[in-house]
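Colleague: I have a few informal things to ask about this one. Could you put it up on the screen before we start?

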Amino acid sequence: MTRSVWLKADDEVGDWEQRKRRITAGLEAGVDWILVDEWDVDRVRELGEMNVAAFVTDDVDVIGDDAEAAGEADRYVVGKDGEGDGTIDLPTDFSGSADLSTLRRDGASGAYVRIYDPDYETFAEKAAEESEFTIVVGEDWQIIPLENLIARIGDSTDLIAGVTTAEEAKTAFETLEMGASGVLLDTDDPDEIRETVAVRDDFDREQLDLEYATVSAIEPAGSADRVCVDTGSLFDHDEGMLIGSMSRGLFFVHAETAESPYVASRPFRVNAGAVHAYARLPDGSTTYLSELGSGDEVQVVDTDGQTREAVVGRAKIERRPMFRLEAETESGDRIETLIQNAETIKVHAKTGRKAVTDLEAGDEVLVYTQPGGRHFGESIDERIIEK
């Protein structure tokens, strides 16, 4: 499940200047959706590129043919100034609900429901049957209604939980292990917005099981075209990329974050290996190093196996002397890669970061292994021999 952060920025927030400050903070922090009143859609679009959801109200009808009148949102939400937020009493028979009727017939894709009591929980369940996503905001109680709704409708809709802090967002993502699909954040605090996005990122990151393999050979391999992957973000000291000649076994190669008496550090760079080698991508597929270019995304991993994404700024290809590095995994498989013969290129040994020029047979280095072969970077269940 990919989690999302929505930011509430409708007229309940304040005047346009207040809403604008909140929207700008959300845009800079990297929230996934801005939720506004439909008459604000055009003004929001002028602030930058973002996903915009809009409350449908009686003042302006922008669904369908009239959408151009106030700017077209990416998604429409019913429930504000209606049954969903308690402005209009819930009908005793939900078949007569105006909000549910709008969901069925008029093009809205989501519902907004404030949970005042169990009747509103039931109403949220009914709305979820008609909705791609359902936003629920707790009043006196938050966790119990959210648990109930996750258990009852978590598989039938994207459940978005109303929160006011990053800590509440973390709880919403963790509730009943499955957690909410997203959160609707209601705050003006830019730090709280950034922290909530960071919570989202932590939940979305893939956790890899890395292991140590024993170096069986490290030897000169002549010259080859090697690739430096320069990203648009800085690496931490314990981060790098997974690189290898064989898709079933990739070596952890450190970013050039270490200081050297001879060469300045390049904390945005991984000197990855020869053009033929694989690099692991955020979706779990692989690509050849030769195919990476500006704007592509690569997977960054740390020595504990925690991952994140980074955007490639450029890929530098130059001819350099190389080593052939071979290692044997715990299962007895032999994997290898070509890596530049230079003191600044480091892998991760059990004793810590180690230059490839200092590697010896018997050293243990960090690797990632996975079964099966690859076809155009995708894992396939087919007999493939790599050697």
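Colleague: Which residue in S19 does Ala349 stand opposite?

Modeller: Keeping in mind that this is a predicted model, Ala349 stands opposite Gly352 in S19.

Colleague: And what is the bridge partner of His348 in S19?

Modeller: That would be Arg353, which is the residue in S19 that forms the bridge with His348.

Colleague: In which sense do S18 and S19 pair, and over how many bridges?

Modeller: The two strands, S18 with residues 346-349 and S19 with residues 352-355, pair in the antiparallel sense over 4 bridges, and the connection from S18 to S19 is a hairpin of 2 residues.

Colleague: What about the two faces of S18, are they covered or open?

Modeller: Both faces of S18 are covered, since on one side Lys346 and His348 are buried, and on the other side Val347 and Ala349 are buried as well.

Colleague: Changing topic, how many cavities of 30 Å³ or more does the structure hold?

Modeller: There is 1 cavity of 30 Å³ or more in the structure, and the volume of the largest cavity is about 90 Å³. Of the 13 residues that line the largest cavity, those closest to its centre are Glu256, Ala258, Ser265, Thr344 and Lys346.

Colleague: How does that lining divide into nonpolar, polar and charged residues?

Modeller: The lining of the largest cavity consists of 5 charged, 4 polar and 4 nonpolar residues. Lys346 belongs to both topics, being one of the buried residues of S18 and also among the residues closest to the centre of the largest cavity.

How values were computed: Residues are numbered from 1 along each chain as its sequence is written. This is a predicted model: local features need pLDDT of at least 70, side-chain atom pairs count only at pLDDT 80 or more; totals for chains, interfaces and linings use all residues. Side-chain values use heavy atoms; hydrogens and water are left out. Buried means under 20% relative accessible area, exposed over 50%, partly exposed in between (1.4 Å probe, protein chains only). Two strands pair if DSSP finds at least two bridges between them. On a 1 Å grid over the protein atoms alone, a cavity is a set of points where a 1.4 Å probe fits but cannot get out, and a pocket is an open set with protein on both sides within 12 Å along at least five of seven lines; lining residues have an atom within 4 Å of a point. Grid points are joined across faces, edges and corners, and a volume is the space filled by probe spheres set on the points. Ala, Val, Leu, Ile, Met, Phe, Trp, Tyr, Cys and Pro count as nonpolar, Asp, Glu, Lys and Arg as charged, and the others, Gly among them, as polar.
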